[in-house]
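I kept a short notebook while browsing this one. Here are the entries, in the order I made them.

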Amino acid sequence: MSAAPFPDPSDAAGKRVVVADDDVLMREGIASLLRESGYDVVGRVGDADALLDAVRAGRPDLVVADIRMPPTGTYEGIEAARVIRGEFPGTGVLLLSAHVAVETAVDFLREGRGIGYLLKSRILKVEDLVDALERIAAGGAVIDPVLVTELLAQQRRDDPLAVLTEREREVLSLVAEGRSNSGIARRLWISEGAVEKHVRSILAKLQLPATDDDHRRVLAVLLFLDAS
């Protein structure tokens, strides 16, 4: 039997919570903070299997779990979270990590409402932890600002056209339309010599192989289409 969709968060204190972390001090510290804030800690476990057992037995409103847990210390916490959300879609899940795990965290965060990701350093302030849990209990998503910054940086790194200026992107988009240098010049109201200069700069910045210019233009267009 699945838990009901996200409950009314108007009284977040008193909600049932399971805490999972293989670090005993971290686990007990989080549990203590939550109890002092009025939460009912119904389970404190150290591995993914025990977490699933505790959730199935206690039917908590919220789960706070480390991303990395035994037996392999990789991403058992996330895998357990996915199982929990499959069986109990109304249970909010807050994942904690000592390090930024961008790809894995994003995959989980795409799954929907009532989920969150925080670095462990963030929960040194009890108000940050409680605020995150209240928002998750309300069906919201909580994403650590450090993760957001890292995602934006990665997006810039993964964009092959990030090295181009705005004008060079305009020129490349017109190259992709099949326009000649003279056609591009007329469209942008610049000289054909200026277009040639932009094209040479584009090909150099994209580090395309030194073949004939026509072939390099095709390769540049392919990069443009992949990035669009």
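**Entry 1: a bridge between strands**

I started with Val-17 and looked for its bridge partner in strand 2, which turned out to be Val-41. I keep in mind throughout that this is a predicted model. Strand 1 and strand 2 run parallel and are joined by 5 bridges. I then followed the chain from strand 1 to strand 2: it passes through helix 1 (residues 24–36), and this β-α-β crossover is right-handed.

**Entry 2: Val-41 itself**

Next I stayed with Val-41, which sits in strand 2 (residues 40–45). Is Val-41 buried or exposed? Its relative accessibility is 16%, so I count Val-41 as buried, the cut-off being under 20%. I listed what Val-41 touches, leaving out residues up to four places away in sequence: Val-17, Val-19, Ala-31, Leu-34 and Arg-35. I also checked Val-41 against Val-63: the two are 22 residues apart in sequence, and their C-alpha atoms are 9.7 Å apart in space.

**Entry 3: the other side of strand 1**

I went back to strand 1 (residues 16–20) and noted that it is mostly covered, with 4 of its 5 residues buried. Which strand besides strand 2 does strand 1 bridge to? I found strand 3 (residues 62–66), which runs parallel to strand 1 and is joined to it by 4 bridges. Two pairs are worth writing down here. Val-19 has Val-64 of strand 3 as its bridge partner, and Val-18 stands opposite Val-63 in strand 3.

**Entry 4: the whole sheet**

I zoomed out to the sheet. How many strands form it, and in what order? I read 6 strands in an open sheet, ordered 2-1-3-4-5-6, with parallel pairing. Strand 2 and strand 6 (141–143) are the edge strands, each pairing on one side only. I noted an average turn of 15° between neighbouring strands, direction ignored.

**Entry 5: helices on the sheet**

I looked at two helices against these strands. Helix 5 (residues 126–137) packs on the sheet and touches strand 3, strand 4, strand 5 (115–119) and strand 6. The direction of helix 5 makes about 145° with that of strand 4. Helix 2 (residues 48–58) lies across strand 1, strand 2 and strand 3, and I have it running at about 170° to strand 1.

**Entry 6: Ser-97**

I picked Ser-97 in strand 4 (residues 92–97) for a closer look. At 4% relative accessibility, Ser-97 counts as buried. What does Ser-97 touch, setting aside residues up to four places away in sequence? I wrote down Asp-66, Ile-67, Tyr-117, Leu-118, Leu-119 and Lys-120.

**Entry 7: a helix pair**

Last, I turned to helix 7 (residues 166–176) and helix 8 (residues 181–188). Their axes come within 10 Å and cross at roughly 130°. That angle is why I call helix 7 oblique to helix 8: it falls outside the 65 to 115 range for roughly perpendicular and is not over 145, the mark for roughly antiparallel. Helix 7 passes helix 8 in a right-handed crossing. Which residues make the contact? From helix 7 I noted Arg-167, Glu-170, Val-171, Leu-174 and Val-175, and from helix 8 Ile-184, Arg-187 and Leu-188.

Conventions:
Residues numbered from 1 in each chain as written. Predicted model: local features only at pLDDT ≥ 70, side-chain atom pairs only at ≥ 80, totals over all residues. Heavy atoms only, no water. Buried < 20%, exposed > 50% of the residue type's maximum accessible area, 1.4 Å probe, protein only. Contact = heavy atoms within 4.5 Å. Pairing = 2+ DSSP bridges. Right-handed = clockwise from strand over helix to strand, strands pointing away. Axes fitted to C-alpha atoms, helices over the stretch in contact; angles between N-to-C directions. Parallel < 35°, antiparallel > 145°, perpendicular 65-115°, else oblique. Left-handed = near helix turned anticlockwise from the far one by under 90°.
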